[in-house]
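Q: I'm new to this structure and would like a close look at one part of it. Could you pick a spot, tell me what surrounds it, and then work outwards to the rest?

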Amino acid sequence: MFLTRLYIDPQKQAALSVLRNPQRMHAIIAQATSASVPQEANSIGRTLWRVDGDDPRVPILYVVSAVQPQFAHFAASVGQVVRGTDYDTKPYGPLLDRLETGQVYAFRLAANAVRSGRSSSGSADTKRHGHVTITQQLGWLLARSEQHGFTIRTGSTGEPDVAVTGGRRMVFRRQGQRVTIALTEFMGHLEVLDRELLRRSLVTGIGHARAYGCGLLTLAAPARPR
């Protein structure tokens, strides 16, 4: 597995095009990560991606993939040079191998926090509905954390150490059909409960819409001593 970071230049027209269209971003990333994929790599994980827009001048695209992506052409058309490079790729295995029960990490996740419900009164058909309130969105993550191998740490206030830091509705067309995806961004601190479950979550994602910028969980050193 590999983790790639690409610095996007929003001043470029090509960059604006992919930032506004998750279907186009998905297609480009799929093409860059699909060449000569070994069968054993396909069984390890799937391609996940996320755009972090903390600094609107330098949105950052993160990609987790089973093979090293070929991003040179893509970076030339949408990227910008930051600290000497427009993108870099590192093996993901060392982080996955270091995971142990009880470890604490800062985390970031963009997810499609939804619930299933009937599409209309009296209908037997079900439809996914995005959670709207912060309480609902946090509840969605807290309810799923253990099955993904982690628990959310308790903060100094006694509340879960996690926050909803952003969100948006993505609307695009796929095969002629209008698609709407609700994306919610989470940041906080987690503790490893089950290293194998967490490893799987890091390489296969959490929730729905993983082809369209949702589901990628990333870890970093804790922001403060725990």
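A: **Strand 10 and what surrounds it**

Valine 192 lies in strand 10, so let's start there; keep in mind that this is a predicted model. How buried or exposed is valine 192? Its relative accessibility is 0%, and since anything under 20% is called buried, valine 192 counts as buried. Leaving out residues up to four places away in sequence, valine 192 touches Glu100, Thr101, Gly102, Gln103, Tyr105, Gly149 and Leu198. Isoleucine 152 is 40 residues away from valine 192 along the chain, yet their C-alpha atoms are separated by 9.1 Å.

Staying in strand 10, have a look at glutamate 185, which has its place there too. Glutamate 185 has a relative accessibility of 14%, so it counts as buried. What does glutamate 185 touch, once neighbours within four places in sequence are set aside? The list is Val51, Leu109, Ala110, Ala163, Val164, Thr165, Gly166, Gly167 and Arg168.

Now back to Glu100, one of the residues that valine 192 touches. Glu100 belongs to a network of salt bridges, along with Asp97, Arg195, Glu196 and Arg199. Inside that group, glutamate 196 and arginine 195 form a salt bridge, with their closest N and O atoms 3.0 Å apart. Both partners sit between the buried and exposed classes: glutamate 196 is partly exposed at 42% relative accessible area, and arginine 195 is partly exposed at 25%.

How many salt bridges does the structure hold? The total is 11. Two others are worth a visit. One is between arginine 108 and aspartate 52, whose side chains meet at 3.6 Å, N to O. Arginine 108 is part of strand 5 (residues 104-111) and aspartate 52 is part of strand 2 (residues 48-52), so this pair ties together parts that are 56 residues apart in sequence. Arginine 108 and aspartate 52 are both buried.

The other joins arginine 5 to aspartate 88, with the closest N and O atoms 3.2 Å apart. Why does this pair tie distant parts of the chain together? Because arginine 5 lies in strand 1 (residues 2-7) while aspartate 88 lies in strand 4 (residues 87-91), and those parts are 83 residues apart in sequence. The two partners fall into separate accessibility classes: arginine 5 is partly exposed at 26%, whereas aspartate 88 is buried at 18%.

Strands 1, 2 and 4 have now all come up, and they belong together. With strand 3, they make an open sheet of four strands in the order 2-3-1-4, paired antiparallel. Strand 2 and strand 4 are the edges, each with a single partner strand, so each has one side without a neighbour in the sheet. From one strand to the next, the twist averages 15°. Further in, strand 1 and strand 3 (residues 60-65) run antiparallel and are joined by six bridges. To see one such pairing, find threonine 4: its bridge partner in strand 3 is valine 63. Helix 2 (residues 22-32) lies across strand 2 and strand 3, at about 130° to strand 2.

Many of these pieces meet again around an open space. The largest pocket has a volume of about 630 Å³. It is lined by 26 residues, and those closest to its centre are Leu3, Tyr62, Thr218, Leu219 and Ala220. Which elements give two or more residues to that lining? They are strand 1, strand 2, strand 3, strand 4, helix 5 (93-98), strand 5, strand 10 (177-192) and strand 11 (217-220). So strand 10, where we began, is on that list. The largest share comes from strand 5, which gives four residues. Strand 5 is also where arginine 108 sits.

Finally, step back to the whole protein. It has seven helices and 11 strands. Of its 226 residues, 43% count as buried, and valine 192 is one of the residues in that class. Taking the contacts with a separation of 6 or more, 71% are between residues 24 or more positions apart.

Conventions: Residues numbered from 1 in each chain as written. Predicted model: local features only at pLDDT ≥ 70, side-chain atom pairs only at ≥ 80, totals over all residues. Heavy atoms only, no water. Salt bridge = Lys/Arg side-chain N within 4 Å of Asp/Glu carboxyl O. Buried < 20%, exposed > 50% of the residue type's maximum accessible area, 1.4 Å probe, protein only. Pairing = 2+ DSSP bridges. Axes fitted to C-alpha atoms, helices over the stretch in contact; angles between N-to-C directions. Contact = heavy atoms within 4.5 Å. 1 Å grid on protein atoms, 1.4 Å probe; cavity = no way out; pocket = protein on both sides within 12 Å on 5 of 7 lines; lining within 4 Å. Points joined across faces, edges and corners; volume = space filled by probe spheres on them.
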